[in-house]
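Visitor: I'm new to protein structures and would like to learn how such labels are earned. Could you show me one and let me ask about it?

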Amino acid sequence: MKKSKIITIILIVAFVIIAAVGVITIKNENDLKEQKENLVVELQALDELMNSENIEFDKVKEKLNTTVTEGEYAKVEKAAKAYYKDSLESFEKIMNLIEDEKIPTLLTADVYKKDGPKFKESRKYISNLKSSLIAEKDRFLEFLKEEKIMSYIEKENVSEEYKEFYKQYLVSGLNYEEEKKDIEKAVGIITTLLDGTVDIYDFLEENKKEWKIDGGQILFSSNKLVTKYNELLTNCIPNV
């Protein structure tokens, strides 16, 4: 075979290889761009669901259990959704404690009659509820710290580029300070109510011979006690 022909064949092969590599590179770049766009849309959808006025936990959990990306972005998605799952679990526990159906019954004639004048069962319930609520609030507030948020992506073997992307959407782009204020305010309302309820129990126990339950209402022996009782009821409602 002539030398010139060999060179020609080598050049053709080299051209084909370069062309193929170029196609693969372009394809990979397009794929990465698509994966990134998919994850952006997914994170925005999650943020919208989790910040809606009436959060639908089932819908959020359904989305958290799906994967819309591949490759390195799948690792970022995994980290983000793991963070959301854990923080949502804590938030849901707080909401369940706040919405405990027993809370509205604490200051009713029925409880006064059955559990007064010492209110042992009600006091125990309030103590346990308050401790659980404060502990879960403190746990949830940890999820609003940058160090905690970033710990999820640090577990994944990804480059700084992907960590920065994660940080952009889970740290830089969200108002965690506002969320912190909201949760502290909500928990504060309930703890104020619980503390005020204990104050009323103390008052009723101290004046156990000066009140009775009649026809589903509490009746006191003097207007002075009525005034004090109403004052304590007012104190159960915080200034919001």
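Visitor: Which helix gives the largest share of the lining of the largest pocket?

Guide: That is α3, with nine residues. Helices here are DSSP runs (H or I, at least four residues), strands are E runs of at least two, and both are numbered from the N terminus. This is a predicted model, where local features need pLDDT of at least 70, side-chain atom pairs count only at pLDDT 80 or more, and totals for chains, interfaces and linings use all residues. Residues are numbered from 1 along each chain as its sequence is written, and side-chain values use heavy atoms, with hydrogens and water left out.

Visitor: What makes K81 and E42 a salt bridge?

Guide: A salt bridge needs a side-chain nitrogen of Lys or Arg within 4 Å of a carboxyl oxygen of Asp or Glu. The closest N and O atoms of K81 and E42 are 2.8 Å apart, so the pair fits that definition. K81 lies in helix α3 and E42 in helix α1, so the bridge ties together parts that are 39 residues apart in sequence.

Visitor: Which other salt bridge does K81 form?

Guide: K81 also pairs with E77, and their closest N and O atoms are 2.7 Å apart. These two are four residues apart in helix α3, and therefore separated by about one helical turn.

Visitor: Why is K81 called buried?

Guide: Buried means under 20% relative accessible area, exposed means over 50%, and partly exposed is in between (1.4 Å probe, protein chains only). K81 has 4%, so K81 counts as buried. E42 is buried too, at 7%, and so is E77, at 2%.

Visitor: What makes E146 partly exposed?

Guide: The relative accessibility of E146 is 41%, so the label is partly exposed. K167 has 25% and is also partly exposed. The side chains of E146 and K167 meet in a salt bridge, at 3.4 Å from N to O. E146 lies in helix α6 (residues 146-154) and K167 in helix α7 (residues 160-172), so this pair ties together parts 21 residues apart in sequence.

Visitor: Which residues do salt bridges with shared partners join into one network?

Guide: They are E42, K63, E77 and K81.

Visitor: How do you know that S87 is buried?

Guide: S87 has a relative accessible area of 7%, so S87 earns the label buried. S87 is found in helix α3 (residues 71-98). Leaving aside neighbours within four places in sequence, S87 is in contact (heavy atoms within 4.5 Å) with F140 and F143.
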